[in-house]
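User: I would like a close look at one part of this model, its nonpolar interior, and at how the surrounding elements are arranged about that part.

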Amino acid sequence: MRSLTAVLSYRPGSFFEKTLLSLTKSSLVESVVVVCPKPIPLKGDGFRVLPAGPFPSGETINLILAEIRTKYLLLFPGSEPISLEPQALERVVGTAESKEAGIVYCDLYDGGELGKTLHPLNDYQAGSVRDDFEFGSMILFSTDAVRKSLEKYGPVPAVKSAGLYDLRLKVSIDHSVHHLRE
């Protein structure tokens, strides 16, 4: 079942193209959206380019949310290279399903000269309002939770860098935030 829309920022290079290919080939991913402020020389099937400003801006978040037709929205908000572990998407979606979570995030590995190093993240605390809380390289949102939250608390405002933060806060008021410790 294709239940995901994946959204990531464009980064030139082969690592990005490998990540993009793995997302477009996944049996869980319905569509992939690449956010980029200008036209890019990227060709292929299974994705589209969304001309938009910075990823965390309210305007960009609203453009993304306006097009979501899948059960889940998978955001890759950072600019660092991403490599998905085997079965990572299945585990994140399975956790969202079993926990009925509004948001799921997971630990990650940092890559470096010495290879992969585990980078565990902190558990989310209800009522946490820190705008610098680390959610890692990917954040899964329940589309239903997002829609209900925006309906109840209003749209994401047109802010330059806190659109994703605003969305996270609104969803976390009435829906659980689950940290997948793997």
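Of the 29 residues in the largest nonpolar core, which touch the most other members?

Analyst: This is a predicted model, and what follows refers to that prediction. In the largest nonpolar core, which has 29 residues, the members that touch the most others are Leu4, Leu23, Val32, Phe76, Leu89, Met138 and Leu140. E1, H1, E2, E4, H3 and E5 each supply at least two residues of this core. The most comes from H3, which gives five residues. Another core lies apart from this one; it has 25 residues, including Val7, Ile103, Ile139 and Val156.

Leu4 serves as an example of how a core member is surrounded. Leaving aside neighbours within four places in sequence, Leu4 is in contact with Leu28, Val29, Glu30, Ser31, Thr70, Tyr72, Leu74, Leu89, Val93 and Leu140. Tyr72, one of these contacts, is the residue of E4 that Leu4 stands opposite. The strands E1 and E4 run parallel and are joined by five bridges.

E4 deserves a separate description. Five of the five residues of E4 are buried, so the strand is largely enclosed by the rest of the structure. In a regular strand, side chains alternate between the two faces of the sheet. In E4 both faces are covered: Tyr72, Leu74 and Phe76 are buried on one side, and Leu73 and Leu75 are buried on the other. E4 also pairs with E8, in the antiparallel sense, over four bridges. Leu74 stands opposite Leu140 in E8, and Leu75 stands opposite Ile139 in E8. Of these E8 residues, Leu140 is named among the members of the 29-residue core that touch the most others, whereas Ile139 belongs to the core of 25 residues.

The sheet around E4 is open and has seven strands, in the order E3-E2-E1-E4-E8-E5-E9, with mixed pairing. E3 and E9 stand at the edges with a single partner strand each, so one side of each has no neighbour in the sheet. On average, neighbouring strands are turned by 20° against each other, direction ignored.

Several helices pack on these strands. Helix H1, residues 14-25, lies across E1, E2, E3 and E4 and runs at about 150° to E2. Helix H3, residues 88-99, packs on the sheet and touches E1, E2, E4, E5, E8 and E9, its direction making about 140° with that of E9. In helix H5, residues 163-174, the buried residues are Gly163, Leu164, Asp166, Leu167, Arg168, Lys170, Val171 and Ser172. They pack against helices H2 and H4 and against strands E4, E5, E8 and E9. E4 is thus named among the contacts of H1, of H3 and of the buried residues of H5.

Ser9 is found in strand E1. With a relative accessibility of 14%, Ser9 counts as buried, because the limit is under 20%. Apart from neighbours within four places in sequence, Ser9 is in contact with Phe16, Val35, Phe55, Phe76 and Gly78. Phe76 is in turn one of the well-connected members listed for the 29-residue core.

Two loop positions contrast with this interior. Pro54 lies in the loop between E3 and H2 and is exposed, with a relative accessible area of 51%. The C-alpha atoms of Pro54 and Ser161 are separated by 7.4 Å, although the two residues are 107 apart along the chain. Glu100 is in the loop between H3 and E5 and is also exposed, at 68% relative accessible area. Most residues other than glycine have a negative phi. For Glu100 phi is positive, near 50°.

For context, the chain has five helices and nine strands, which follow the pattern β-α-β-β-α-β-α-β-β-β-β-α-α-β along the sequence. Of its 182 residues, 47% are buried. Among contacts between residues at least 6 apart in sequence, 68% join residues at least 24 apart. The chain exposes about 10000 Å², of which carbon and sulfur atoms supply 54%.

Terms used
Residues are numbered from 1 along each chain as its sequence is written. This is a predicted model: local features need pLDDT of at least 70, side-chain atom pairs count only at pLDDT 80 or more; totals for chains, interfaces and linings use all residues. Side-chain values use heavy atoms; hydrogens and water are left out. Buried means under 20% relative accessible area, exposed over 50%, partly exposed in between (1.4 Å probe, protein chains only). Contact means heavy atoms within 4.5 Å. Two strands pair if DSSP finds at least two bridges between them. Axes are lines fitted to C-alpha atoms, for helices over the stretch in contact, and angles run from 0 to 180 degrees between N-to-C directions. Accessible areas come from the Shrake-Rupley method with a 1.4 Å probe; for residues, only the protein chains shown count as cover. A nonpolar core is a set of buried Ala, Val, Leu, Ile, Met, Phe, Trp, Tyr and Cys residues joined through side-chain atoms within 4.5 Å.
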